[in-house]
Amino acid sequence: MARRARDPRPAGAAGTVAEQLAEGLAGTGGPLRQHVAEGLRDLGAVDLAVYSAVADTPTPSLDEPLRRLSNAANNSGLWFAIAAALALAGGGAGRRAALRGTLAIGATSALVNLAVKSIWARQRPDRAGAGVPVWRNVRMPASTSFPSGHAASGFAFAAAIGRDQPWLGLALRFLAAAVGYSRVHTGVHYPGDVVVGSLIGEGTGQAVAGLMDRLPPTRRASRSGRGKRRELPDAADAEDAPG
């Protein structure tokens, strides 16, 4: 007899974001909107099913590394540490990339926490009811579940870094994806929260990097030993440029 998946939603909780959208569309009438509403309901069902499947799958070799990775990304600590290493060891290009990444995290965090989370007040999963092993547990955030701030910040940082350093940006996207999955693995987010958070982060990171490209280059004057002033073409390329 097949095992019936447990519903990870807290008792009395509203449905998934997809289900809420589907209800809104279904009430407006029209065959196309009804078809879209049905598709959204199916996506909501997949979201819950994947969460339950991850919770039910024994992964003893992955549980502790993913729990540590999830905690390392709290408050964007992992990304700020990488930014600091870039600023210290990467020269002018590294400082420029670190600044872009840091600004992208700030913009994304504001967008997710002040705007999107207030619009979609999705409750956190009931990980105990879903059977998430207790040794996977990390602290359950007090904020709402949708979207994932960890995923959004990680992809925003990677997208902004990748503007100047594509290969590093690609590697950081893989790391951001691992962080995003760790939030599902530890039971604090639904997969849909992570997917949407990743898309928001990628878009915001690209936007921040693009805006920085449009800024006019900063010119600094420095005095030579003979009292003459010398202009540097780009402050980010100067050895003493701020990081």
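Y51 and Y190 are both buried in this predicted model. Their rings make an aromatic pair, with 5.3 Å from centre to centre and 50 degrees between the planes. That angle is neither under 30 degrees nor over 60, so the pair counts as tilted. As for where the two tyrosines sit, Y51 is part of helix α2 (residues 31-56), while Y190 is in the loop between α8 (166-185) and α9 (191-214), so the contact ties together parts 139 residues apart in sequence.

The count of aromatic pairs comes to two, and the other partners are W79 and F157. With ring centres 5.8 Å apart and planes at 35 degrees, this pair is tilted as well. Here helix meets helix: W79 belongs to α4 (residues 77-89) and F157 to α7 (residues 149-161), so parts 78 residues apart in sequence are tied together. W79 and F157 are buried too.

Side by side, the two pairs look like this:

| Pair | Centre to centre | Angle between planes |
|---|---|---|
| Y51 and Y190 | 5.3 Å | 50 degrees |
| W79 and F157 | 5.8 Å | 35 degrees |

Now for the chain as a whole. Nine helices and two strands make up its list of elements, and reading from the N terminus the helices come before the strands, as α-α-α-α-α-α-α-α-α-β-β. The chain has 243 residues, and 41% of them count as buried. If you take contacts between residues at least 6 apart in sequence, 75% link residues at least 24 apart. As for the surface, about 12,900 Å² is accessible, and carbon and sulfur atoms account for 63% of that.

Technical notes: Residues numbered from 1 in each chain as written. Predicted model: local features only at pLDDT ≥ 70, side-chain atom pairs only at ≥ 80, totals over all residues. Heavy atoms only, no water. Phe/Tyr/Trp six-rings, centres within 6.5 Å; stacked < 30°, edge-to-face > 60°. Helix = DSSP H or I, 4+ residues; strand = E, 2+ residues; numbered from the N terminus. Buried < 20%, exposed > 50% of the residue type's maximum accessible area, 1.4 Å probe, protein only. Contact = heavy atoms within 4.5 Å. Areas by Shrake-Rupley, 256 points an atom, 1.4 Å probe, with all protein chains shown as cover.
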